[in-house]
Amino acid sequence: MGRGKTHLIQALGNFIQSHHKDKTVLYIQAQDLMMMIQKVKDTPDERSKLVGDFATADALLIDDIQFLEGDVSQDVFFLIFERAYQKNSQIVITADRSPKQLSGLTDRLRS
């Protein structure tokens, strides 16, 4: 059963883009991000470039983070999150359940 979170996060991205033309918005489904991370996980230079590319966004919107549960991609995602946070980017993450129920995510991502 859908809860409308994807529509809401996309509407947020559209709002930012229409009201703040100078801001960069990056929206991605966690599954797509996971596949991108898997492709570069064994290549440090490409992994670093991927982290940098995502961290340059002024607004980073990640949908359905529950798909990273138990996946090795969490470490790279955390690097992306940390870089974006240090840059003072807006970070919005959606999930189909509360953070406490995402037991397959590392504590540092759930907090």
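**Entry 1: Lys49 and its partner**

I started with Lys49, which is exposed, at a relative accessible area of 52%. I keep in mind throughout that I am reading a predicted model. Which residue does the side chain of Lys49 meet in a salt bridge? I found that the partner is Asp53, with N and O 2.9 Å apart. Asp53 is partly exposed, and I noted its relative accessible area as 40%. Both residues belong to helix H3, which runs over residues 44-55, and because they are four residues apart there, about one helical turn separates them. I wrote the general rule beside this: an α-helix has 3.6 residues a turn, so residues three or four places apart point the same way.

**Entry 2: salt bridges between distant parts of the chain**

I then looked up the total and found that the count comes to six salt bridges. One of them joins the side chains of Asp58 and Lys87, at 3.2 Å from N to O. Where in the chain do Asp58 and Lys87 lie? Asp58 is in the loop between H3 and strand S2 (59-63), while Lys87 is in the loop between helix H4 (73-86) and strand S3 (90-93), so that I had to follow the chain over 29 residues to go from one to the other. Both count as partly exposed, Asp58 at 23% relative accessibility and Lys87 at 37%.

Next I turned to Arg97, which forms a salt bridge with Glu69, the closest N and O atoms being 2.3 Å apart. This pair also links distant parts of the chain, for Arg97 sits in the loop between S3 and helix H5 (107-110) and Glu69 in the loop between S2 and H4, 28 residues apart. I noted Arg97 as partly exposed with a relative accessible area of 31%, and Glu69 as partly exposed at 23%. Through salt bridges that share partners, Glu69, Asp96 and Arg97 are joined into one network.

**Entry 3: the aromatic rings of H4**

I looked for aromatic pairs and found three in the structure. Is the pair of Phe77 and Phe81 stacked or tilted? The ring centres are 6.4 Å apart and the planes stand at 50 degrees, so I recorded the pair as tilted. The two residues are four places apart in helix H4, which means that about one helical turn separates them. Phe77 is buried, with a relative accessible area of 2%, whereas Phe81 is partly exposed at 22%.

For Phe78 and Phe81 I noted ring centres 6.5 Å apart and planes at 15 degrees, so this pair is stacked. Phe78 and Phe81 are three residues apart in H4, again about one helical turn, and Phe78 is buried at 14% relative accessible area. Together, Phe77, Phe78, Phe81 and Tyr85 form one aromatic cluster. I also saw that the charged end of Arg108 sits over the ring of Phe78, 4.0 Å from its centre.

**Entry 4: the buried face of H2**

Which residues of helix H2 (residues 30-40) are buried? My list reads Ala30, Leu33, Met34, Ile37 and Val40. Looking down the axis of H2, I found these buried residues within an arc of 135 degrees, so they line one face of the helix. Among the elements that cover them are strand S1 (25-29), H3, S2 and H4.

**Entry 5: the nonpolar cores**

Last, I looked up the largest nonpolar core, which has 21 residues, and asked which of them touch the most other members. They are Leu33, Phe54, Ile62, Ile65, Leu68, Phe77 and Ile80. The elements giving two or more residues to this core are H2, H3, S2 and H4. Two names on the list I had met before: Leu33 is one of the buried residues of H2, and Phe77 belongs to the aromatic cluster.

I followed Ile62 further, leaving aside its neighbours within four places in sequence, and found contacts with Ile9, Ile28, Ala30, Leu33, Phe77, Val92, Ile93 and Thr94. Apart from the largest core lies another, of five residues, which include Ile9, Val25, Ala59 and Leu61.

Technical notes: Residues numbered from 1 in each chain as written. Predicted model: local features only at pLDDT ≥ 70, side-chain atom pairs only at ≥ 80, totals over all residues. Heavy atoms only, no water. Salt bridge = Lys/Arg side-chain N within 4 Å of Asp/Glu carboxyl O. Buried < 20%, exposed > 50% of the residue type's maximum accessible area, 1.4 Å probe, protein only. Phe/Tyr/Trp six-rings, centres within 6.5 Å; stacked < 30°, edge-to-face > 60°. Lys NZ or Arg CZ within 6 Å of the ring centre and 35° of its normal. Arc of directions from axis to C-beta. Contact = heavy atoms within 4.5 Å. Core = buried A, V, L, I, M, F, W, Y, C linked by side-chain atoms within 4.5 Å.
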